[in-house]
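Good morning, colleagues. Please look at the sequence and the structure on the screen while I describe a few parts of the fold.

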Amino acid sequence: MQHLTADQIHALADYPGLIAALKAMNRRGVDVLDRLLLGQAMANGTQNDWLLLPAWTYDSYFGIKLVSVFPDNPARALPAVQGLYALFEGKTGAAIATLDGAALTLVKTAANSAMAADLLARSDAATLLVCGGGALAPYLIIAHCATRPIRRVLWWNRRPEILDAAPLRARGLPVEIVSDLAGAAAQADIISTATRATEPIIRGAWLKPGCHLDLVGGYLPEMREADDAAFKRAPRHYIDARLTTIGVAGDVCEPIAKGFTAAADLIDMFELNRGEKPGRLSPTEITWFKSGGGGHEDLAVAQYLFEKQQRST
């Protein structure tokens with residue numbers, strides 16, 4: 001049985017290929033999909049989480065990601081997200097590979113956001129704003145820049161001193177660290193947030209016509225990255241999967257609870273990729289997308305990386 005290390009995953013990960021794999025998975029769908037979250041409340045007010053994300057496409061592949069999110073780990077010089085993915089062959093049930101779960105999560109989440117932007121953002125989107133200082137933020141920058149003709153990247157975090165743009169600039173990406181979030185949001189064609197915010201950091205009043213809003217960070221009901229006004233400014237609302245957003249993520253739970261929308265009105269990536277529901281209908285409308293993740297996304301990316309590694313050996 002093969003193991004793909006973090007270094008191997010990052011070397012194999014090409015965003016056009018990953019995006020194509022995710023689109024194909026959404027068009028096909030999965031036969032079984034589930035999610036289990038176990039949590040441990042900490043005395044300092046944070047919460048340690050363990051996520052189990054299985055998915056199965058019959059007679060093809062199935063797998064499960066086991067990932068921990070321990071937000072206090074950076075203070076211990078440890079990554080906040082750690083884990084393992086196990087991949088199985090769908091016709092025989094044989095275990096065929098394991099993959100570093102943290103690296104898989106980074107490239108999968110970034111590719112999933114870029115896939116949604118490829119379907120929903122303006123084709124001429126040139127200014128990207130990324131919010132957050134965690135491990136995911138640089139991957140979001142790389143993925144979005146691979147999908148749209150980005151000429152300017154604005155990077156914001158509550159603590160700007162921890163942001164290191166040098167590795168991204170070394171790749172030729174035009175990254176600027178900014179402190180004025182409202183001013184940056186008003187300029188952005190795409191806004192991608194990857195925070196653990198419990199109070200909205202993005203205001204609807206800041207969004208310019210044609211902006212695409214990509215909400216990635218919140219994965220619990222008490223987490224919220226964009227306010228009600230941002231939700232109301234979008235004519236339609238997109239999610240990657242119902243299982244991981246409805247009743248799960250605050251950016252979806254709260255607007256439903258307040259009566260701004262109904263769960264049935266949300267458009268998921270299965271419907272959008274199959275052409276069953278519309279995407280962007282005009283250059284000036286605001287598009288709103290909430291990424292909740294899901295085992296089907298991990299399975300699509302693990303399968304893609306495994307097969308690419310097999311072809312290279």
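Thr147 sits in the loop that connects helix 4, residues 136–145, to strand 9. Please keep in mind that we are looking at a predicted model. Is Thr147 buried or exposed? Its relative accessibility is 16%, and buried means under 20%, so Thr147 counts as buried. A polar atom of the Thr147 side chain lies 2.9 Å from the backbone oxygen of Ala143. Setting aside residues up to four places away in sequence, Thr147 touches Ile19, Ala114 and Asp118.

Two of those residues, Ala114 and Asp118, fall within helix 3, which covers residues 101–120. This helix has 20 residues and reaches 28 Å from its first C-alpha to its last, close to the 28 Å expected at 1.5 Å a residue. At its N-terminal end the cap is Asp100, with a side-chain oxygen 3.2 Å from the backbone nitrogen of Ala102. Why is helix 3 described as largely enclosed by the rest of the structure? The reason is that 18 of its 20 residues are buried.

I turn now to the nonpolar cores. The largest one holds 62 residues, and those that touch the most other members are Leu18, Leu87, Leu99, Ile141, Trp155 and Leu305. Helix 3 gives the most to this core, contributing 11 residues. A second, separate core has 26 residues, among them Ala185, Ala188, Leu207 and Leu266. Returning to Leu87, and leaving aside its neighbours within four places in sequence, its contacts include Tyr61, Phe62, Leu99, Leu299 and Phe306.

Next, the sheet. Eight strands form an open sheet with parallel pairing, in the order 10-9-8-11-12-15-13-14. Strand 10, at 175–177, and strand 14, at 267–268, stand at the edges with a single partner strand each, so one side of each has no neighbour in the sheet. Strand 8 comprises residues 127–131 and pairs with strand 11, residues 190–193, in the parallel sense over four bridges. Within this pairing, Ile191 of strand 11 is the bridge partner of Leu129. Strand 8 also pairs with strand 9 in the parallel sense, over five bridges, and here Val130 stands opposite Trp155. Strand 9, residues 152–156, is mostly covered, with four of its five residues buried.

Beyond strand 9, in the loop that leads to helix 5 at 166–170, we find Ala165. Its relative accessibility is 3%, so Ala165 counts as buried. Not counting neighbours within four places in sequence, Ala165 is in contact with Trp155, Val175 and Ile177. How far apart are the C-alpha atoms of Ala165 and Ile19? They are separated by 24 Å, and the two residues are 146 residues apart along the chain.

Finally, helix 8. This helix, residues 250–257, lies across strand 12 (212–215), strand 13 (237–239) and strand 15 (287–290), and runs at about 115 degrees to strand 15. Which of its residues are buried? They are Gly250, Asp251, Val252, Cys253 and Pro255. These buried residues pack against strands 12, 13 and 15, and also against helix 7, at 228–233. After helix 8 comes Gly259, which has a positive phi, near 80 degrees.

Thank you for your attention.

Terms used
Residues are numbered from 1 along each chain as its sequence is written. This is a predicted model: local features need pLDDT of at least 70, side-chain atom pairs count only at pLDDT 80 or more; totals for chains, interfaces and linings use all residues. Side-chain values use heavy atoms; hydrogens and water are left out. Helices (H or I, at least four residues) and strands (E, at least two) are DSSP runs, numbered from the N terminus. The expected span of a helix is 1.5 Å times one less than its number of residues. Buried means under 20% relative accessible area, exposed over 50%, partly exposed in between (1.4 Å probe, protein chains only). A polar contact is a pair of N or O atoms within 3.5 Å; within protein, one must be able to donate a hydrogen and the other to accept it, and residues adjacent in sequence count only if both atoms are side-chain atoms. Two strands pair if DSSP finds at least two bridges between them. Contact means heavy atoms within 4.5 Å. Axes are lines fitted to C-alpha atoms, for helices over the stretch in contact, and angles run from 0 to 180 degrees between N-to-C directions. A nonpolar core is a set of buried Ala, Val, Leu, Ile, Met, Phe, Trp, Tyr and Cys residues joined through side-chain atoms within 4.5 Å.
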